[in-house]
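Me: Please take a close look at one strand in this predicted model. I would like to know how it sits among its neighbours.

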Amino acid sequence: MAPKRRRARAADESSTPPPPPPPLRTAPSHLQPVVVFAHGAGAPSSSDWMVHWKDMVKDALNAIEVVTFDYPYMSGGKRRAPPKAEKLVDHHLGVVKDAVAEHPLVLMGKSMGSRVSCMVSDSDDIIVSAVICLGYPLKGVNGAVRDETLLKLKIPTMFVQGSKDGLCPLDKLESTRKKMNCKNELYVIDGGDHSFKIGKKYQESTGVNQQVAEMEAVKAIAEFVQNSIAGT
């Protein structure tokens, strides 16, 4: 399946950013999910980036709740090197079980958190409607492609990637997606880095606007989630 690539609307002559698209409020109550959102390796759930995306996703999905949490190595306010992703699965799964209610469950993560979310989704103890990977770290520290977790997935999975994300070259991801056994979709944020930040020069030369680019990505996430829930 070819990736969705939506270019943000060009700014007008006065360079005033266009207003963001309205949030999606059309989902019936039985399509309203509970989202468990895991942070990346270097910043906790209280980081500005996590809070910003939590708010956008909750609004766009009309979610019952977006649950965020910190992995144990991040607790206490001390920044330490994260352990291997596999060692975070039990804690993550415990958070998910506590959050499960009578609503569809969506797992979402930033970078490392998306990788652990994919691992957790395979658990027999929970029923997951969709997995959303924000900046999936396909390349490991040694540059090798880490696709073994993705190839095991059975849950509908969406990737949101910046076109300039060095940790996930789009050609490598496309090759992996073709081998995956689950329904999967890719949304590309033009000019975005690993955290979807678009450089000022790129914005000026292309007319891409950071706020609109993010909101369009979130709209695509909402559509994918609703379709995945409706199909379960």
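Reply: Take strand S2, residues 34–38. Five of its five residues are buried, so S2 is largely enclosed by the rest of the structure. Buried here means under 20% relative accessible area.

Start with the side chains. In a regular strand they alternate between the two faces of the sheet. In S2, Val34, Val36 and Ala38 point one way. Val35 and Phe37 point the other way. Both sets are buried.

Now the partners. S2 pairs with strand S3, residues 65–69. The two run in the parallel sense, with five bridges between them. One facing pair here is Val34 and Glu65, the latter in S3. The link between these strands goes through helix H1, residues 48–61. This β-α-β crossover from S2 to S3 is right-handed.

S2 also pairs with strand S4, residues 105–110. S2 and S4 are parallel too, and five bridges join them. Here Phe37 stands opposite Met108 of S4.

So much for the strand; a word on the open space in the model. The largest pocket holds about 360 Å³. It is lined by 17 residues, and the closest to its centre are Met112, Arg115, Gly140, Val141 and Arg146. By class, the lining has 10 nonpolar, three polar and four charged residues.

Back to S2, in brief. It is a buried strand, with parallel pairing to S3 and to S4.

Notes. Residues are numbered from 1 along each chain as its sequence is written. This is a predicted model: local features need pLDDT of at least 70, side-chain atom pairs count only at pLDDT 80 or more; totals for chains, interfaces and linings use all residues. Side-chain values use heavy atoms; hydrogens and water are left out. On a 1 Å grid over the protein atoms alone, a cavity is a set of points where a 1.4 Å probe fits but cannot get out, and a pocket is an open set with protein on both sides within 12 Å along at least five of seven lines; lining residues have an atom within 4 Å of a point. Grid points are joined across faces, edges and corners, and a volume is the space filled by probe spheres set on the points. Ala, Val, Leu, Ile, Met, Phe, Trp, Tyr, Cys and Pro count as nonpolar, Asp, Glu, Lys and Arg as charged, and the others, Gly among them, as polar. Buried means under 20% relative accessible area, exposed over 50%, partly exposed in between (1.4 Å probe, protein chains only). Helices (H or I, at least four residues) and strands (E, at least two) are DSSP runs, numbered from the N terminus. Two strands pair if DSSP finds at least two bridges between them. A crossover is right-handed if, with the strands pointing away from the viewer, the path from the first strand over the helix to the second runs clockwise.
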